[in-house]
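Please look over the chain below. The text after it starts with one helix and its surroundings, then turns to the chain as a whole and to two loop positions.

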Amino acid sequence: NTPACRKNEAVDRRLLDRRAAAPTSRRRQHANAAKTSRSGARRGARRLLDARGLETRAIDLRSSNARIERADFFDVAPAAAYDVVVCALVINCVPDAAARGRMVAGLRAHLKAGGHCFLVLPRSCVERSRKLTPARFDDVLARAGLVERERRVTPKLLCLCLEAGAPGPA
């Protein structure tokens, strides 16, 4: 179990804990309506796929699990249909900066208004990049319409809970 896997599991547990902490009447009301999407699906996606009351779509480029759809994030048409999108250790694998920016905008485009995005990436991608500074990354998130609600930093990872708001100026 690598630190990255343990962090993904913690993000998944947090998502499930938030769902369980909702008032009972609200849980019943939305039990069948909650939709979640996970990009770069691995072990944590299987936990979400097994969660009762969640309609989950998990995608991965090279999944060998029959329950995880083999798809490229960029080929999935955004429909503002998801309450939650989890993107863990994926954006750092996108080879060029323009495509990473499109991915961030795509994360927002998949979310319903007020939906949440859990984004996990290596700290080095933001803190040690020659082309990206932490301030620039925050600007990319804001322009995409993702509002930071919580930030957790480990020695190696940056974990963000983002809420879908209105896109900022281009």
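In this predicted model, the buried residues of α4 are covered by elements that include β4 (82-88), β5 (111-122), α6 (134-144), β6 (146-153) and β7 (157-164). The residues of α4 that are buried in this way are A99, M103, V104, G106, L107, R108 and H110. An α-helix has 3.6 residues a turn, so residues three or four places apart point the same way.

Helix α4 itself runs over residues 97-110, which makes 14 residues. From its first C-alpha to its last it reaches 20 Å, close to the 20 Å expected at 1.5 Å a residue. At the N-terminal end of α4, D96 acts as a cap, with a side-chain oxygen 3.2 Å from the backbone nitrogen of A98.

The chain around this helix holds six helices and seven strands, in the sequence order α-α-β-α-β-β-β-α-β-α-α-β-β. It has 170 residues, and 40% of them count as buried. Of the contacts between residues at least 6 apart in sequence, 58% join residues at least 24 apart. The chain exposes about 9500 Å², of which carbon and sulfur atoms supply 51%.

Two loop residues remain. Most residues other than glycine have a negative phi. A80, in the loop between β3 (69-70) and β4, has a positive phi near 50°. L89, in the loop between β4 and α4, also has a positive phi, near 55°. Are these positions buried or exposed? A80 is partly exposed, at a relative accessible area of 40%, and L89 also counts as partly exposed, at 22% relative accessibility.

Conventions
Residues numbered from 1 in each chain as written. Predicted model: local features only at pLDDT ≥ 70, side-chain atom pairs only at ≥ 80, totals over all residues. Heavy atoms only, no water. Helix = DSSP H or I, 4+ residues; strand = E, 2+ residues; numbered from the N terminus. Buried < 20%, exposed > 50% of the residue type's maximum accessible area, 1.4 Å probe, protein only. Contact = heavy atoms within 4.5 Å. Areas by Shrake-Rupley, 256 points an atom, 1.4 Å probe, with all protein chains shown as cover. Expected span 1.5 Å × (residues − 1). Polar contact = N/O pair within 3.5 Å; in protein donor to acceptor, adjacent residues only side chain to side chain.
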